[in-house]
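Reader: I would like to go through this model with you and ask, for each term you use, what it rests on. Please set the values against the definitions as we go.

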Amino acid sequence: MPVEQVVVVDLNKICGEESKAQLDAEFGEGNCSFIPCDVSNGDALRDAFQSTVDQFGRLDIVINNAGINNEKNWEKTIQVNLTSVIKGTYLALEHMSKEYGKEGGTIINVSSMAAFMHSPHQPVYTATKHGVIGFTRAMADASSLGQYGVRINVLCPAFVDTPLLHSVEHEDNMGKFVKFKDDFKLSMSKFGVLQPSLIAEGMMKMIIDTSLNGAVMKITCSKGIHFHTYEPMSA
């Protein structure tokens, strides 16, 4: 059975190197690479994709997972949370889509339950996560109609125990919306906080289930892994 090969792309060099070391220890060296990259830099992101293909020969799975929560510098939040997801999806298609003579694959874009919840503390973050869902569903339709051979799905976790969760404490991140941090904490205590391992489990389900395209997976403490359903549009 062939060994999966993984490339970790992150702005945080320390965390990236730690992740690589953990994967090397578990799966052996030579199967994982870390590429430092600011995903909001389109040229750097393109280079990261090309370096991955140069090193491992092909691309099969892309997870666009980078995200920040910064309402003060909200333009940056749009660049990282939405623009880079769009660029990452288009770059993934260049390396996987049958329209470019490639062999197909799967893309998972990460949104958030913020797109479905009361979120007065993070309006721009919420807007980006709505955008990720809309873009992903439209691209999944395009992939199906265009016979790209690429499944494109979106994953929406609720609160997850990561450093992003603590960014709401700081005025530097939240600007005037920092005054709503108590409301945010109330939501956290009401809905609970997920462990990253459950998000990984959801990711694996989306990768393995070849019937999924345009699916919107939700992960919450109360319902676990489940899917959002949309009512059919009437004429």
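Reader: What stands opposite Val154, and how do you know that the two strands concerned are paired?

Author: Val154 stands opposite Val216 in β6. Strands count as paired if DSSP finds at least two bridges between them, and four bridges join β5 (residues 150-157) to β6, so the definition is met; the two strands run parallel. The strands and helices named here are DSSP runs numbered from the N terminus, with at least two residues (E) for a strand and at least four (H or I) for a helix.

Reader: What kind of model is this, and how are its residues numbered?

Author: This is a predicted model, in which local features need pLDDT of at least 70 and side-chain atom pairs count only at pLDDT 80 or more, while totals for chains, interfaces and linings use all residues. Residues are numbered from 1 along each chain as its sequence is written, and side-chain values use heavy atoms, with hydrogens and water left out.

Reader: How is β6 joined to β7, and in which sense do they pair, parallel or antiparallel?

Author: A hairpin joins β6 to β7 through three residues, and the pairing with β7 (residues 224-227) is antiparallel, over four bridges. Within this pair, Thr220 stands opposite Gly224, and Ile219 stands opposite Ile225.

Reader: Why is β6 called largely enclosed?

Author: Five of the five residues of β6 (residues 216-220) are buried, so the strand is largely enclosed by the rest of the structure; buried means under 20% relative accessible area, exposed over 50% and partly exposed in between, with a 1.4 Å probe and protein chains only. In a regular strand the side chains alternate between the two faces of the sheet. Both faces of β6 are covered, with Val216, Lys218 and Thr220 buried on one side and Met217 and Ile219 on the other.

Reader: Why is Gly146 called partly exposed?

Author: Gly146, which lies in helix α4, has a relative accessible area of 38%, so it is partly exposed.

Reader: What makes β3 and β7 the edges of the sheet?

Author: Five strands form an open sheet of mixed pairing in the order β3-β4-β5-β6-β7. β3 (61-64) and β7 each have a single partner strand, so one side of each is left without a neighbour in the sheet.

Reader: Why are α3 and α4 called roughly parallel?

Author: Their axes are 9 Å apart and make an angle of about 15°, where axes are lines fitted to C-alpha atoms, for helices over the stretch in contact, and angles run from 0 to 180 degrees between N-to-C directions. Angles under 35 degrees count as roughly parallel, over 145 as roughly antiparallel, 65 to 115 as roughly perpendicular and the rest as oblique, so α3 is roughly parallel to α4.

Reader: Which residues touch the most other members of the largest nonpolar core, and what makes it a core?

Author: Of its 23 residues, Leu155 and Met206 touch the most other members. A nonpolar core is a set of buried Ala, Val, Leu, Ile, Met, Phe, Trp, Tyr and Cys residues joined through side-chain atoms within 4.5 Å. The elements that give two or more residues to this core are α3 (74-96), β4 (105-110), α4 (123-146), β5, α7 (196-208) and β6, and the largest share, four residues, comes from α7. Beyond its neighbours within four places in sequence, Leu155 has contacts (heavy atoms within 4.5 Å) that include Ile108, Ile199, Met206, Met217 and Ile219.
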